[in-house]
Amino acid sequence: MFDLDYMNEALIAHDSNESPKSVLVVDDMPDNIDILRGILSKRYEVRVAKSGPMALKSISSKLPDLILLDIMMPEMNGFEVCAEIKRNPKTSHIPVIFITAMTSVDDEKKGFEAGAVDFITKPITPLTTLARVNNHIALAQQDKRNKLIIDQRTEQLKEALVAAVKMLSEAGTYNDEDTGSHMWRMADYSALLASKMGLDDEEAERIRLAAPMHDTGKIGIPDSILKAPRKLTPEEWETMKRHPEIGAEILGKSQSPLFDMAAEIAMAHHERWDGSGYPKGLKGEAIPLTARIVALADVFDALTMERPYKKAWSIEDAYQYIRENAGSHFDPSLVEVFIAQDADIRAIKKLWDAKGDQ
């Protein structure tokens, strides 16, 4: 459920903190500037630019709420200025109204294609000008409010999603007292490697959230097997090897990209490059890249963390181990890319080790 009180408070604060609306008048004719200033100055802060380049410079120093733009000007005409404003992501949202004596259908078509929201035809009349400026500033303000609401709802949905991911991840390792921050450190290693393998920022962030859910299927494995203080029997081992499929079944009930990826990782994170893994015995690039990434990151982090039954390996020894297993357990190309990120790997480990000490 969305926190509507929080949203309303934010909107009130947003509105109350706003300064008076500003209008930038761009015209090379002083008489036109004087007329527009006289019409608008009682209600708005009016700024002036007498050419296209001056207008762009003024906009870059302080964004206006609306631009009244003449078309016929030296250096840059209004169409060129408007197109430049709309190309810039920082200024594309500003409504532009053309002030012009050009009234042909082609001129209007060209103006709207450049990004204008309206035309005011010369000679300028006060009521029409003020009404259209008021209207478009009000529309722009409503767009800002709508964007704020959307941003807040998106953030709340993201927080809820991350919380769900954490709960599922911790559920999968609930019976393992020694994992600590392993899931999240391993997730950061996975995101780093994903990025270096060419996945875009969105996909790298997705793998960072999906990776900790790789052992979700352990929920379906009896404690007598998970906590067995001895070597598992062949029958018990077969049961244990079902946890990838159980995890994929649980996570695959959602059709979202994040849980699709999590299900893919859960199913294949115990596959091995040489085909000797489980549950399907996939080999080489038949194993999804996401699962190959998480498998490497998971083993590396497990080696370099201390557990009751072993000391933490040094990073150098862990590198050596994954090098020795490149081509058997791990994708050889991933191994080399991973080790090449030594500085970032050490920084991630240091960060999470410090958190563990707090």
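Helices and strands are taken here as DSSP runs, of at least four residues (H or I) for a helix and at least two (E) for a strand, and both are numbered from the N terminus. On that basis E75 is found in the loop between β3 and α4, where this residue, although not a glycine, has a positive phi of about 70 degrees. The model under description is a predicted one, and its chain has 16 helices and five strands.

The overall dimensions of the chain may be considered before its parts. The C-alpha atoms fill a box of roughly 95 × 45 × 40 Å when the principal axes are used as the frame. The radius of gyration of the chain is 30 Å, whereas a compact globule of 358 residues would have a value near 21 Å.

The five strands form an open sheet in which the pairing is parallel and the order is β2-β1-β3-β4-β5. The edge positions are held by β2 (45-49) and β5 (118-121), each of which pairs on one side only. From one strand to the next, the twist averages 20 degrees. Within this sheet, strand β1 (residues 22-26) is joined to strand β3 (residues 66-70) in the parallel sense over four bridges, and V26 stands opposite L69 in β3.

Two helices lie across strands of the sheet. Helix α4 (residues 78-87) lies across β3 and β4 (96-100), and its direction is at about 175 degrees to that of β4. Helix α5 (residues 105-114) lies across β4 and β5, with an angle of about 135 degrees between this helix and β5.

Two cis peptide bonds can be described together with the loops that hold their prolines. One of them joins K122 and P123, with omega at about 0 degrees, and P123 is found in the loop that runs between β5 and α6 (126-172). Another joins Y278 and P279, with omega at about 10 degrees; here the proline, P279, lies in the loop between α12 (257-268) and α13.

Helix α13, which follows that loop, packs against α14 and against α15. The axes of α13 and helix α14 (residues 315-324) come within 9 Å and cross at roughly 140 degrees. Angles over 145 degrees count as roughly antiparallel and those of 65 to 115 as roughly perpendicular, and α13 and α14 are therefore oblique to each other. Their crossing is right-handed. On the α13 side the contact is made by L296, V299, F300, L303 and T304, which meet I315, A318, Y319, Y321 and I322 in α14. By class, these residues divide into nine nonpolar, one polar and no charged.

The packing of α13 (residues 289-304) with helix α15 (residues 332-339) has an angle of about 55 degrees and axes 10 Å apart, and these two helices are therefore also oblique to each other. As α13 passes α15, the crossing is right-handed. In this contact L289, R292, I293, L296 and F300 of α13 meet L334, V335 and F338 of α15, and the residues comprise seven nonpolar, no polar and one charged. L296 and F300 thus appear in the contact of α13 with α14 as well as in that with α15.

Helix α15 also packs with helix α7 (residues 182-196), at an angle of about 105 degrees and with the axes 10 Å apart. That angle makes α7 roughly perpendicular to α15. The residues Y189, L193 and K196 in α7 meet L334, V337 and F338 in α15, and by class the contact has five nonpolar, no polar and one charged residues. On the α15 side, L334 and F338 take part in the contact with α7 and also in the contact with α13.

Key: Residues numbered from 1 in each chain as written. Predicted model: local features only at pLDDT ≥ 70, side-chain atom pairs only at ≥ 80, totals over all residues. Heavy atoms only, no water. Pairing = 2+ DSSP bridges. Axes fitted to C-alpha atoms, helices over the stretch in contact; angles between N-to-C directions. Contact = heavy atoms within 4.5 Å. Parallel < 35°, antiparallel > 145°, perpendicular 65-115°, else oblique. Left-handed = near helix turned anticlockwise from the far one by under 90°. Nonpolar A, V, L, I, M, F, W, Y, C, P; charged D, E, K, R; others polar. Rg over C-alpha atoms; globule rule 2.2 N^0.38 Å.
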